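User: Hello! I am new to this structure and would like to learn how to read it. Could you walk me through it step by step?

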Amino acid sequence: DEARRLAYEGAIEGLVVVAEEQTRGRGRFDRDWVSTPGLDLTFSVVLRPNAERLRQVNMAATMAVQDAANVITGRTAVIKWPNDVLVSGRKLSGILIESVMSPSGGLEFAVIGVGLNVNLRPAEHPEIRDIATSLAQELGTDLDRTDVLLRMLSRLDELYSAIGSGVDLSSPWAERLDTIGRQVEVVWGDRTVAGRATGVDRDGNLLVEAGG
């Protein structure tokens, strides 16, 4: 919300807003995000991409978190379509992109919101202990959050610059998706489709084979 307010006021592209704690952090479908003061990273980045590249921004953000997690933990992080990063089958990070259109129909700005478990101890939170992990849990020691933030932002800057240069991230992003080949249930509105995830299209939409 704060990043959005600053973007409306004309904040330059690349502005980063970091919260020591989020009291109203939100994910997809308005789900809550557990935010423990002093332990993790919750931050938002203001970008002003071309509208046709907006889907690529989500790819860049998830790939940046994944790359940082791989380097820090030495383990293989994967992306769960469309915007979660998992390690050891448990959620390490959630990413949400909110965009605002201009009155003329163009893209005014986009805000990338990232929740990244750094020093979280999932066992202390019954609601997530079976589904969440953290960098510290995977590595076995606490980390400096500033170092983690700078590593992730540096990688995001590289990938976002590549997008601006016309690089298409859809293929490398698809190769990192743990969802492909799995049986899935896709829910939107009051409709549910069950089937096998077979791939994604160039915009990152999930392709599901169901009932022939």
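**Reading the model step by step**

Analyst: Happy to. Let us begin with one residue: T198 is partly exposed, with a relative accessibility of 36%. Keep in mind throughout that the model is predicted.

User: Which strand holds T198, and which residues does T198 contact beyond its sequence neighbours?

Analyst: T198 sits in strand β8, which covers residues 191-200. Beyond the neighbours within four places in sequence, T198 contacts I180, L207, V208 and E209. For a sense of distance, the C-alpha atoms of T198 and V78 are 17 Å apart, with their positions 120 residues apart along the chain.

User: Now the whole fold, please. How many helices and strands does the protein have?

Analyst: There are 5 helices and 9 strands. Following the sequence, their order is α-β-β-α-β-β-β-β-α-α-α-β-β-β. The protein is as compact as a globular protein of its length, because its radius of gyration of 17 Å is close to the 17 Å that the globule rule gives for 212 residues. Along the principal axes, the C-alpha trace spans about 50 × 45 × 35 Å.

User: What share of the residues is buried, and what does the surface consist of?

Analyst: Buried residues account for 44% of the 212 residues. The protein exposes about 11,200 Å², and carbon and sulfur atoms supply 47% of that area. As for charges, the mean positions of the 23 positive and 31 negative ones lie 3 Å apart.

User: How do I read a nonpolar core?

Analyst: The general idea is that nonpolar side chains tend to be buried together in soluble globular proteins. Here the largest nonpolar core has 43 residues, and F43, I112, L116, L135, V148, M152 and L156 touch the most other members. Helix α2, residues 54-73, contributes the most to this core, with 10 residues. Another core, of 6 residues, lies apart from it and includes A3, A7, F109 and V111.

User: Which residues does F43 contact, leaving aside its neighbours within four places in sequence?

Analyst: The partners of F43 are V16, V17, V18, I112, G113, V114, L149, M152 and L153. Contacts can also be summarised for the whole protein: of those between residues at least 6 apart in sequence, 59% join residues at least 24 apart.

User: Is V118 buried or exposed?

Analyst: The cut-off for buried is under 20% relative accessible area. V118 has 0% relative accessibility, so V118 counts as buried. The residue is found in the loop between β6 (107-116) and α3 (135-139). Not counting residues up to four places away in sequence, V118 touches L39, D40, L41, S134, L135, A136, L143, R145 and V148.

User: Which other loop residues could I try this on?

Analyst: Try T36, in the loop between β1 (16-19) and β2 (41-47). T36 has 16% relative accessibility and therefore counts as buried. Leaving aside neighbours within four places in sequence, T36 is in contact with E20, L120 and H125. The C-alpha atoms of T36 and L156 are separated by 24 Å, and these residues are 120 apart along the chain.

R53 is another case, in the loop between β2 and α2. At 17% relative accessibility, R53 counts as buried. Residues touched by R53, not counting those up to four places away in sequence, are I163, G166, V167 and D168. One of these partners, D168, is 115 residues from R53 along the chain, and their C-alpha atoms are 9.1 Å apart.

User: What should I look for in the backbone itself?

Analyst: Two general habits help: most residues other than glycine have a negative phi, and most peptide bonds are trans. In this structure, the peptide bond from W81 to P82 is cis, with omega near 0°. P82 is placed in the loop between β3 (78-80) and β4 (84-87).

User: And where is S88, and what is its phi?

Analyst: S88 belongs to the loop between β4 and β5 (90-101). The phi of S88 is positive, about 55°, although S88 is not a glycine.

Terms used: Residues numbered from 1 in each chain as written. Predicted model: local features only at pLDDT ≥ 70, side-chain atom pairs only at ≥ 80, totals over all residues. Heavy atoms only, no water. Helix = DSSP H or I, 4+ residues; strand = E, 2+ residues; numbered from the N terminus. Rg over C-alpha atoms; globule rule 2.2 N^0.38 Å. Buried < 20%, exposed > 50% of the residue type's maximum accessible area, 1.4 Å probe, protein only. Contact = heavy atoms within 4.5 Å. Areas by Shrake-Rupley, 256 points an atom, 1.4 Å probe, with all protein chains shown as cover. Lys, Arg positive; Asp, Glu negative; His and termini not counted. Charge placed at Lys NZ, Arg CZ, Asp CG, Glu CD. Core = buried A, V, L, I, M, F, W, Y, C linked by side-chain atoms within 4.5 Å.
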